[in-house]
Amino acid sequence: MTARYLQTPIMHRVVEHNGIVYLGGVTADDESLDMEGQTRQVLSKIDGYLEQAGTGNTRLLTATIFLTDLTLKPAMDLVWKEWVGGCDLPTRATVGVADLGGKALVEIVITAAISSLPKS
Amino acid sequence: MTARYLQTPIMHRVVEHNGIVYLGGVTADDESLDMEGQTRQVLSKIDGYLEQAGTGNTRLLTATIFLTDLTLKPAMDLVWKEWVGGCDLPTRATVGVADLGGKALVEIVITAAISSLPKS
Amino acid sequence: MTARYLQTPIMHRVVEHNGIVYLGGVTADDESLDMEGQTRQVLSKIDGYLEQAGTGNTRLLTATIFLTDLTLKPAMDLVWKEWVGGCDLPTRATVGVADLGGKALVEIVITAAISSLPKS
């Protein structure tokens, strides 16, 4: 079964299939913020999207983080570490890219599990 | 079970595992085309790859779209919206990158579901 | 069930959920190496991560390869082809990006299957 949430003209913000939740790329609403501020907004939006699908940031599987300026990675990491806490961290890839649109400094793509399956 | 289709020297164009279809990155065959034309070619090739695995663009889960010039995003979006239609949209991340090889303007990576599983 | 291996301050290098193994982005430890050398180091590290999760490079599902200089793709491909061998190739997307941190020339993100499921 596939469930889709929060439709925009070009995507669903959240798609769930067979126990995995896929989120679209998330950027900050206020692009005048610095890296720390933008990252906080992005992760707060991700919290909302995960909740929409009945999961949360303790069930993360993967994160792909695009930054327009890798020298700002430490500011992003600071907020990231706070958010993920000390356990159940996902895998992560962080890539410096040319352009995320407007003044976006960071875009994050997340996948998460809905719930634990019976142990095999 | 894993099924693999359309082998090239470096990849399979299509891999299916446990009900999920993964496509490799798709660029246009004719890179002299503009963004609209390249996007049409890319999505047409994706239709063929999805069909190869027994699915189609009403079962999309995720799309990752790389563009070499984000100012051309509206032209890509125009063709994208036509292609996905009004429902069952996947999640999407769109990222401006430095180079997709040759004169490629757009590269799209898709995942899709094979079929609906019994509702839980 | 979700299993997580090799924790760093910001991620787990390996996460397994429901039979799929997700690896974080892998770069070379010695960034003074050329593309061929860095790719060898990356794939060797990936071998270790896959083994940690009880799988290997004959069960690859997808590869996303980020390069800071696409003109060096042939050198990467040479090592890649050796590594994947002639069958059971994953899907692949190769993207030229602005910056992978330090002197990293290549970063690879892999997903793989743990084992074959019963045929349906």
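**Stop 1: two helices in chain C**

Select α1(C) and α2(C): their crossing is right-handed. This is a predicted model. Helix α1 of chain C covers residues 35-52, and helix α2 of chain C covers residues 73-84. They pack at an angle of about 35°. Their axes lie 8 Å apart.

Now show the side chains at the contact. From α1(C), pick C:Met35, C:Glu36, C:Thr39, C:Arg40 and C:Leu43. From α2(C), pick C:Ala75, C:Met76, C:Leu78, C:Val79, C:Trp80 and C:Trp83. Colour them by character: eight are nonpolar, one is polar and two are charged.

**Stop 2: where chain C meets chain B**

Stay on chain C and bring up chain B. How many residues does each chain bring to the contact? Chain C gives 22 residues and chain B gives 25 residues. On the chain C side, β4 (60-67), α2 and β5 (91-96) each supply at least two residues. Highlight β5(C): its six residues are the largest share of that side. By character, the side of chain C that touches chain B splits into eleven nonpolar, six polar and five charged residues.

**Stop 3: strand β5 of chain A**

Move to chain A and select β5(A). Is this strand enclosed or open? Six of its six residues are buried, so β5(A) is largely enclosed by the rest of the structure. Turn the strand to check both faces. On one side, A:Thr91, A:Ala93 and A:Val95 are buried. On the other, A:Arg92, A:Thr94 and A:Gly96 are buried too.

Add strand β4 of chain A, residues 60-67. Six bridges join β4(A) to β5(A), and the two strands run parallel. To find your place in the pair, click A:Thr64, which stands opposite A:Ala93 in β5(A). Then add helix α2 of chain A, residues 73-84. β4(A), this helix and β5(A) form a right-handed β-α-β unit.

**Stop 4: A:Leu100**

Follow the chain past β5(A). A:Leu100 sits in the loop between β5 (91-96) and β6 (106-113) of chain A. Is A:Leu100 buried or exposed? A:Leu100 counts as buried because it has 23 C-beta neighbours inside 10 Å, and the cut-off for buried is 20 or more.

Now select what A:Leu100 touches, leaving out residues up to four places away in sequence. Within chain A, these are A:Thr27, A:Phe66, A:Thr68 and A:Glu107. From chain B come B:Val95 and B:Gly96. Finish by checking the distance to A:Phe66. A:Leu100 and A:Phe66 are 34 residues apart along the chain, and their C-alpha atoms are separated by 8.0 Å.

Notes:
Residues are numbered from 1 along each chain as its sequence is written. Chains are lettered from A and ligands numbered from 1 in the order in which they are written. This is a predicted model: local features need pLDDT of at least 70, side-chain atom pairs count only at pLDDT 80 or more; totals for chains, interfaces and linings use all residues. Axes are lines fitted to C-alpha atoms, for helices over the stretch in contact, and angles run from 0 to 180 degrees between N-to-C directions. Helices (H or I, at least four residues) and strands (E, at least two) are DSSP runs, numbered from the N terminus. A crossing is left-handed if the near helix is turned anticlockwise from the far one by less than a right angle, and right-handed if clockwise. Two residues are in contact if their C-beta atoms, placed from the backbone, lie within 7 Å. Ala, Val, Leu, Ile, Met, Phe, Trp, Tyr, Cys and Pro count as nonpolar, Asp, Glu, Lys and Arg as charged, and the others, Gly among them, as polar. A residue is buried if 20 or more other C-beta atoms lie within 10 Å of its own, exposed if 12 or fewer, and partly exposed in between; C-beta atoms are placed from the backbone. Two strands pair if DSSP finds at least two bridges between them. A crossover is right-handed if, with the strands pointing away from the viewer, the path from the first strand over the helix to the second runs clockwise.
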